[in-house]
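Me: I'm new to reading protein models. Could you walk me through a few features, one at a time?

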Amino acid sequence: MDLEIGSPLTVGLILGVVIVTAALLITVERRLLGFWQERLGPNRVGWFGSLQVVADMIKIFTKEDWIPPFADKFSFVIAPGIIMSVVLLSFAVIPFAPNIGVIDSNIGVLFVLAMASLGAYSVMLGGLSSDNKYALLGSLRAAAQMISYEVFMGISLLGVVALTGSFNLREIVNAQSDGWYIIPQFIGFVIFLIAGVAESHRLPFDIPEAEQEICAGYHTEYSGMKFGMFFVAEYLGLVLISSLITVLFFGGWLGPTFLPPIVWFSIKAFAFIAFFVLMRAAVPRPRYDQLMSYGWLFLLPVSLINLLVTGAIILSSQP
Amino acid sequence: MIKLIVYTLLSQVRTLWLVFIKIFQKKDTVEYPDSQPYMFPRWRGRIILSRDPDGEERCVACNLCAVACPVDCIALQKGEMEDGRWYPEFFRINFSRCIMCGFCEEACPTNAIQLTPDFEMAEYVRQDMVWEKEDLLINGTGKYHDYNFYRVAGKKIEGKDKGEALNEAAPIDVKSLMP
């Protein structure tokens, strides 16, 4: 079988590689965080700590999978599954390379945004069904944060969509062959980056799971593999946001031809993953009201102005 | 307003840059089992019982260490030899209680109990943390090489009467009028 869009081999490869990458990120993040804090990080298991993820997985699989007696069993169990499947579904429209991808959809951008919105359900259900005050606080914060930051996420993307004239992510990549969208859409890129961090609850916007304030937020009551699914889904979200930034603003698989397209895609995506880890190492967490007012009073106007200016330029440059 | 936004943005970029260049700095981590740390000679670690230069046990079972110990981890029983020397019949230190404060070493009048720079004392069984006299005794003098308690003390033992110790004058006969 050949690698082509939508063939079972490609789909299986994407699923496997994406999940393994997300799991490996646990180790990679710990190592990078260590380096940026003048430590070494975990380097005992395997070659320079590369098998640390195996040790972590063995630990998390053999832990007691406990459901609190006061929890609402059904929604407690399905909540981690929702976020995992929703994030994995988003990878369906990501164009990894000209011949690698699951579907070639005309509504790719909208699909990703829709799946990101559905992810809020998982967080809400997980927090509410736990019947725990920290989980409830965390899920309230998560729901409010995800819903507000989706607004600017969508609007900041519209500049790219307007420049391309299509919601298809493959066409967006192909339209960047004579110049990445980072140059005309720099403000859109910055807003999308910030909103992406907030969407995947990474530091500095990990307010839904702020350890110092509310334990672990919405997954306080989770243990064992259900916690592992939340954990891996967070890293999957990180991979997803990095891939989206690569596709939308940095030309996806495009690059000099001495390396195959998928390698260019991986290099760019990993650079953004490393940048997210760097943000975690460097930037402190804002207060909750600061997060909300920053979003609605600063990012929303700026993204709207960006969209208006982009539209005006496109219209005026047309004959 | 614009100035504030630009300043805040640049401040964040500067923060990210300063943290990023840390990746090239020397790491502070000491990879302990691979690279052993330098232990200072007066480090307060594992407790030992030393012997005097003649090879006899220095401990005279005076119980001062057990009294000084703030966590009561030392237990011992006095015994007496035929020549008049005192010695501990058993000497037991419970290292799972010991806090390595060194009070026992300061209290010891014979320099018998001493603390060493060894700190690797982990055990799998809790009972193995209790050390008996055979485990504590070493075959050397520890930090004080020439000190022998019975040779300088006024205590009378077989072969050494009162007043025969080093730097000691003969006892005064208080019932005599002679100077």
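Me: What sign does the phi of A:Gly251 have, just after helix α9 of chain A?

Reply: Keep in mind that this is a predicted model. In it, A:Gly251 has a positive phi of about 75°, right after α9(A) ends.

Me: And how do I check the length of α9(A) itself?

Reply: Use the rise of 1.5 Å a residue: the 26 residues of α9(A), 224-249, should span 38 Å, and the end C-alpha atoms are indeed 38 Å apart, so the two agree.

Me: Is α9(A) largely enclosed or largely in the open?

Reply: Count its buried residues, meaning those with 20 or more other C-beta atoms within 10 Å. In α9(A) 22 of the 26 residues are buried, so the rest of the structure largely encloses this helix.

Me: How does helix α1 of chain B come out in those two checks?

Reply: Its 19 residues, 2-20, should span 27 Å, and the end C-alpha atoms lie 27 Å apart, which agrees. The number of buried residues in α1(B) is zero, so this helix lies largely in the open. Take B:Tyr7, which is found in α1(B): B:Tyr7 is exposed, with 10 other C-beta atoms within 10 Å. From B:Tyr7 to B:Ala170 there are 163 residues in sequence and 88 Å in space, C-alpha to C-alpha.

Me: How do I describe two helices that pack together?

Reply: Two packed helices are described by the angle between their axes and by the distance between those axes. Here, α4(A) (108-130) and α5(A) (133-164) pack at about 175°, with axes 8 Å apart. An angle over 145 degrees counts as roughly antiparallel, and that is why α4(A) is roughly antiparallel to α5(A). The residues of their contact divide into 16 nonpolar, eight polar and one charged.

Me: In which sense do strands β2 and β3 of chain B pair?

Reply: β2(B) (74-80) and β3(B) (86-94) pair in the antiparallel sense, over seven bridges. You can find B:Ala75 opposite B:Arg92 of β3(B). The two strands form a hairpin with five residues between them, and B:Gly84 in the turn has a positive phi of about 100°.

Me: Last one: how many residues does each chain give to the contact between chains A and B?

Reply: Chain A gives nine residues and chain B gives eleven. On the side of chain A, α1 (8-36) and α10 (261-282) are the elements that give two or more residues. The most come from α10(A), with three. That side of chain A divides into seven nonpolar, no polar and two charged residues.

Methods. Residues are numbered from 1 along each chain as its sequence is written. Chains are lettered from A and ligands numbered from 1 in the order in which they are written. This is a predicted model: local features need pLDDT of at least 70, side-chain atom pairs count only at pLDDT 80 or more; totals for chains, interfaces and linings use all residues. Axes are lines fitted to C-alpha atoms, for helices over the stretch in contact, and angles run from 0 to 180 degrees between N-to-C directions. Helices (H or I, at least four residues) and strands (E, at least two) are DSSP runs, numbered from the N terminus. Angles under 35 degrees count as roughly parallel, over 145 as roughly antiparallel, 65 to 115 as roughly perpendicular and the rest as oblique. Ala, Val, Leu, Ile, Met, Phe, Trp, Tyr, Cys and Pro count as nonpolar, Asp, Glu, Lys and Arg as charged, and the others, Gly among them, as polar. Two strands pair if DSSP finds at least two bridges between them. The expected span of a helix is 1.5 Å times one less than its number of residues. A residue is buried if 20 or more other C-beta atoms lie within 10 Å of its own, exposed if 12 or fewer, and partly exposed in between; C-beta atoms are placed from the backbone. Two residues are in contact if their C-beta atoms, placed from the backbone, lie within 7 Å.
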